[in-house]
Amino acid sequence: MNAMTEEEVIRLSQATCDALSDEDDGLKREVLTHAGNRWSLGIVHTLGVEGKLRHAEIGRRLAGITQRMLTRSLRQLERDGLIARCDHGEVPPRVDYELTPLGRSFLVRMVPLWTWLLEHAEDFRAARVRFDQV
């Protein structure tokens, strides 16, 4: 299969956006807003690399996240089907989190974007300097 040109990708993107219902467009925006935030991306990455982890273990791997933000992010990712929560029904409570197949698919598609961002970090910094000088 041949790679698409930039113009073909842009046309496909526009056709996809044109075909979205208002409901689907709203869903897309909601999922991207919270799944693409700093903490959610960190959680998805951590679970993708480390595998199944408990709440506290995830928190230890994400420097600076509060318990409240970790819990909120985990719940939203679970609601969207990107992670699964497994309550073992034990005392004391033991709950694990892991990526779902949908979450793994999301992570795999995010890696090229992260790579591109890192490759162009200096371009972004230079553009910001030029903008701020105006």
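Author: Before we start, contact here means heavy atoms within 4.5 Å. The model is predicted, and Ser-40 is a good place to begin, in helix H3 (residues 38–50).

Reader: Which residues is Ser-40 in contact with, leaving aside its neighbours within four places in sequence?

Author: Ser-40 has His-34, Ala-35, Ser-73 and Leu-77 as contacts once those neighbours are set aside.

Reader: Why does Ser-40 count as buried or exposed?

Author: Buried means under 20% relative accessible area. Ser-40 comes in at 2%, so it counts as buried.

Reader: OK, on to the pockets. What makes up the lining of the largest pocket?

Author: That pocket has a volume of about 340 Å³. Its lining residues are Lys-28, Val-31, Leu-32, Ala-35, Gly-36, Leu-82, Leu-102, Ser-105, Phe-106, Arg-109, Met-110 and Leu-113. Ala-35, by the way, is also one of the contacts of Ser-40. Helix H2 (22–35) and helix H6 (101–119) each supply at least two residues of the lining, and H6 gives the most, with six.

Reader: How do the residues of that lining divide into nonpolar, polar and charged?

Author: The split is eight nonpolar, two polar and two charged. Leu, Val, Ala, Met and Phe are among the types that count as nonpolar, Lys and Arg count as charged, and Gly goes with the polar ones.

Reader: And what lines the second largest pocket?

Author: Here the space is about 160 Å³. The lining includes Arg-54, His-55, Thr-71, Arg-75, Glu-78, Arg-85, Arg-94 and Tyr-97. Helix H4 (55–61), helix H5 (67–79) and strand E3 (95–99) each supply at least two residues, with the largest share, four residues, coming from H5. By class, this lining has five nonpolar, two polar and five charged residues.

Reader: Arg-94 and Asp-96 meet in a salt bridge; what makes it one?

Author: The rule asks for a side-chain nitrogen of Lys or Arg within 4 Å of a carboxyl oxygen of Asp or Glu. Arg-94 and Asp-96 are at 3.5 Å, N to O, so the pair passes that cut-off. By this rule the count comes to seven salt bridges.

Reader: How do you know whether Asp-96 counts as buried or exposed?

Author: Asp-96 has 8% relative accessibility and therefore counts as buried. Its partner Arg-94, at 27%, counts as partly exposed, because that label covers values between 20% and 50%.

Reader: What about Arg-29 and Asp-25: what separates them in helix H2?

Author: About one helical turn, because Arg-29 and Asp-25 are four residues apart in H2. Their side chains meet at 2.9 Å, N to O, in a salt bridge. Asp-25 and Arg-29 are also linked with Lys-28 in a network of salt bridges, and Lys-28 is one of the residues lining the largest pocket.

Reader: Why are Arg-125 and Glu-122 separated by about one helical turn?

Author: Because they are three residues apart in helix H7 (residues 121–133). Their side chains form a salt bridge at 2.8 Å, N to O, and that value is within the 4 Å of the rule.

Reader: Which of the labels, exposed or buried, goes to Glu-122?

Author: Exposed means over 50%, and Glu-122 is at 56%, so it counts as exposed. Arg-125, with a relative accessible area of 46%, is partly exposed.

Key: Residues numbered from 1 in each chain as written. Predicted model: local features only at pLDDT ≥ 70, side-chain atom pairs only at ≥ 80, totals over all residues. Heavy atoms only, no water. Buried < 20%, exposed > 50% of the residue type's maximum accessible area, 1.4 Å probe, protein only. 1 Å grid on protein atoms, 1.4 Å probe; cavity = no way out; pocket = protein on both sides within 12 Å on 5 of 7 lines; lining within 4 Å. Points joined across faces, edges and corners; volume = space filled by probe spheres on them.
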